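Trainee: I should like to go through the terms used for this model and ask how each one is justified.

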Amino acid sequence: QGAVGEFEGTGKAGQAFCAVNPHCLENIVRLSDQMEIVASSDILDDCGTKLWAKGAPVSRALQEKMLLRRLKKPLEVSLDVEGGATLDSIVTDCFALMKETPALDRMCSTSGARSALRSVRNAPLPSPLKLLLTSAREHKKRNYDISLAAMVVSAGLANGVGLNDRDAGLLILSAMVHDIGEMYINPEYLDGSRQLQPSEWKYVASHPCVGQAFLKEFASYPPAVADCVLHHHERLDGSGYPFQLSGTQTGSLCKLISVADAVSAI
């Protein structure tokens, strides 16, 4: 409850992101070991002290300065990754994964489904989202591939149930970012090889809330995308999380993203 509550309530998301998350910071610094990440503006703490200058490349020294600090504005909006992921490259990766996975290829075999998948190439990709998706692509390959698979399944579902072009695009974008909240979770808790204690599980269960807060704070996508991210682990019988909502309490896009999430994980 505490992990979820930190991101609930009007105005609290931005405050939460001004406290540097150590796991997200580690993901960013690790990415900087192989790709250039530079500060797009001066990075200041909440007292106005300059911690990192505009134009300076990210290095391990950034990690030492930022840990346990509160910033004037979230770190995610102050960094740019050179040559990172784009919507075009992400969709290209979707089609490459389909070639490697016959089952996925069949799920998105119609011209309508493939056209829906290609259509999101033109959607915006905010810098904070580009940064974290690039990090996932480079260092969390399984997570990245699950997101790609969810995009493919979502395109097939959208075509199969006859969604209009707008809703199909929203569903596919939701699939792309549905697990973005996991970038803020201790990776040890995401390792499926061990049984989690309740005190650990609560952080995993918070990742849809963190993902929703991230999108509200850093992306200009329609609210339906953040809603899908928040509810992608809810299930029709009420056995999902984080709120145990039944099928009568979530919208049609949320139901479809929960199917895409389950199928892509398999």
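Trainee: What is the make-up by class of the lining of the largest pocket?

Mentor: In this predicted model, that lining has nine nonpolar, five polar and seven charged residues. The space in the largest pocket is about 610 Å³. Among the 21 lining residues, those closest to the centre of the pocket are Arg 142, Glu 182, Leu 190, Gly 192 and Val 204. Gly 192 is counted as polar, because the class definition places Gly with the polar residues.

Trainee: Which elements give two or more residues to the lining of the largest pocket?

Mentor: They are α9 (141-161), α11 (198-205) and α14 (252-265). The most is given by α9, with three residues.

Trainee: Why are α7 and α9 called oblique to each other?

Mentor: Helix α7 (residues 111-119) packs with α9 at an angle of about 125°, and the axes are 8 Å apart. Roughly perpendicular ends at 115 degrees and roughly antiparallel requires over 145. The angle of about 125° meets neither condition, and α7 and α9 are therefore oblique. Their crossing is right-handed. On the α7 side, the contact is made by Gly 112, Ala 113 and Leu 117; on the α9 side, by Met 151, Val 152, Ala 155, Gly 156 and Asn 159. These contact residues divide into five nonpolar, three polar and no charged.

Trainee: What makes α13 oblique to α14?

Mentor: The angle between α13 (residues 223-231) and α14 is about 50°, with axes 9 Å apart. Roughly parallel requires under 35 degrees and roughly perpendicular begins at 65, so an angle of about 50° makes α13 oblique to α14. The crossing of α13 and α14 is also right-handed. Ala 224, Asp 227, Cys 228 and His 231 of α13 meet Leu 253, Cys 254 and Ile 257 of α14 in the contact. By class, the contact has five nonpolar residues, one polar and one charged.

Trainee: How many cavities of 30 Å³ or more does a search of the whole structure find?

Mentor: The search finds three. The largest cavity has a volume of about 130 Å³, and of its 14 lining residues the closest to the centre are Ala 136, Asn 143, Ser 147, Asp 179 and Ile 180. At least two lining residues come from each of α8 (127-139), α9 and α10 (165-177).

Trainee: What makes the second largest cavity count under that cut-off of 30 Å³ or more?

Mentor: About 40 Å³ of space lies in the second largest cavity, so the cut-off of 30 Å³ is met. His 231 and Cys 254 are among the residues that line this cavity.

Note on methods. Residues numbered from 1 in each chain as written. Predicted model: local features only at pLDDT ≥ 70, side-chain atom pairs only at ≥ 80, totals over all residues. Heavy atoms only, no water. 1 Å grid on protein atoms, 1.4 Å probe; cavity = no way out; pocket = protein on both sides within 12 Å on 5 of 7 lines; lining within 4 Å. Helix = DSSP H or I, 4+ residues; strand = E, 2+ residues; numbered from the N terminus. Axes fitted to C-alpha atoms, helices over the stretch in contact; angles between N-to-C directions. Left-handed = near helix turned anticlockwise from the far one by under 90°. Contact = heavy atoms within 4.5 Å.
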